[in-house]
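Please work through the following exercises with the sequence and the model side by side, trying each task before reading its solution.

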Amino acid sequence: MTSAPVTIEKQPDKQRVLNRLRRLEGQVRGLQKMVDEERSCQELLTLLSGIRSALDATGDVIFEEYINSCVMDDGAPLSPNEIVKTARLLR
């Protein structure tokens, strides 16, 4: 039995995730530029740490939206199994 895909339905939440992803994209481009400019490893690792934290926080926002208001495409509520399966993806 395959489950239907889950989507972010509310426009404000969708926009919030997209804004976070755009900021992340800018940070990754900045990291690429820093590598190209041969910046110190300390600077690179500091920015990389920030990127990881921002990416984790974005995953948390998506998971929170999933728990609070996402439903299966067929309108059925999410099963506890489905929630646990999704939580494992964040590890």
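**Exercise 1. Classify Arg39 by its accessibility, then follow its salt bridge outward to the other charged residues linked with it.**

Solution. Begin with the accessible area, keeping in mind that the model is a predicted one. Arg39 has a relative accessibility of 35%, and because buried means under 20% and exposed means over 50%, Arg39 counts as partly exposed.

Next, look for its partner: the side chains of Arg39 and Glu37 meet in a salt bridge, at 3.3 Å from N to O. Glu37 also meets the side chain of Lys33 in a salt bridge, here at 3.9 Å from N to O, a value that falls within the 4 Å cut-off. Glu37 is partly exposed at 41% relative accessibility, whereas Lys33 is exposed, with a relative accessible area of 54%.

Finally, put the pieces together: Lys33, Glu37, Arg39 and Glu43 are linked in a network of salt bridges.

**Exercise 2. Find how many salt bridges the structure holds, and describe the one between Glu25 and Arg29.**

Solution. The structure holds five salt bridges. In the one formed by the side chains of Glu25 and Arg29, the distance from N to O is 2.9 Å.

To see how the two residues are placed, turn to the sequence: both lie in helix α1, which covers residues 11-36, and they are four residues apart, or about one turn of the helix. Their accessibilities fall into two classes, since Glu25 counts as partly exposed at 41%, while Arg29 counts as exposed at 54%.

**Exercise 3. Decide whether Met34 is buried or exposed, and name the residues it touches beyond its neighbours in sequence.**

Solution. Met34 lies in helix α1, and its relative accessibility of 12% is under the 20% limit, so Met34 counts as buried.

For the contacts, leave out residues up to four places away in sequence; Met34 then touches Arg39, Glu43, Leu44 and Leu47. Two of these names, Arg39 and Glu43, also belong to the salt-bridge network of the opening exercise.

A distance can be added for Leu47, which is 13 residues from Met34 in sequence and 9.5 Å from it in space, C-alpha to C-alpha. Leu47 also serves as a reference point for Gly30, as the C-alpha atoms of Gly30 and Leu47 are separated by 8.6 Å, although the two residues are 17 apart along the chain. Gly30 is likewise placed in helix α1, and with 25% relative accessibility Gly30 counts as partly exposed.

**Exercise 4. Explain what is notable about the phi angle of Glu38, and say where this residue is found.**

Solution. Start from the general expectation: most residues other than glycine have a negative phi. Glu38 is not a glycine, and yet it has a positive phi of about 60°.

Then locate the residue, which lies in the loop between α1 and α2. Glu38 is exposed, with a relative accessible area of 72%.

**Exercise 5. Describe how α2 and α3 pack, and name the residues that meet between them.**

Solution. Two packed helices are described by the angle between their axes and the distance between the axes. For α2 and helix α3 (residues 80-89), the angle is about 175° and the axes are 11 Å apart. An angle over 145 degrees counts as roughly antiparallel, and therefore α2 is roughly antiparallel to α3.

The contact itself is made by Phe63, Tyr66 and Ile67 on the α2 side, which meet Glu82, Ile83, Thr86 and Ala87 on the α3 side.

**Exercise 6. Identify which residues make the nonpolar surface patch, and set it beside the overall description of the protein.**

Solution. The patch is made by Leu18, Leu21 and Leu55, and its area is about 230 Å². Leu55 is found in helix α2, residues 41-69, and counts as partly exposed at 49% relative accessibility.

For the whole protein, the exposed area is about 6900 Å², of which carbon and sulfur atoms supply 55%. Buried residues make up 20% of the 91 residues.

The fold is described by three helices and zero strands, with the elements running α-α-α from the N terminus on. Among contacts between residues at least 6 apart in sequence, 65% join residues at least 24 apart.

Conventions: Residues numbered from 1 in each chain as written. Predicted model: local features only at pLDDT ≥ 70, side-chain atom pairs only at ≥ 80, totals over all residues. Heavy atoms only, no water. Patch = residues over 30% accessible without salt bridge, like charges linked within 9 Å, V, L, I, M, F, W, Y side chains within 5 Å. Areas by Shrake-Rupley, 256 points an atom, 1.4 Å probe, with all protein chains shown as cover. Buried < 20%, exposed > 50% of the residue type's maximum accessible area, 1.4 Å probe, protein only. Axes fitted to C-alpha atoms, helices over the stretch in contact; angles between N-to-C directions. Parallel < 35°, antiparallel > 145°, perpendicular 65-115°, else oblique. Contact = heavy atoms within 4.5 Å.
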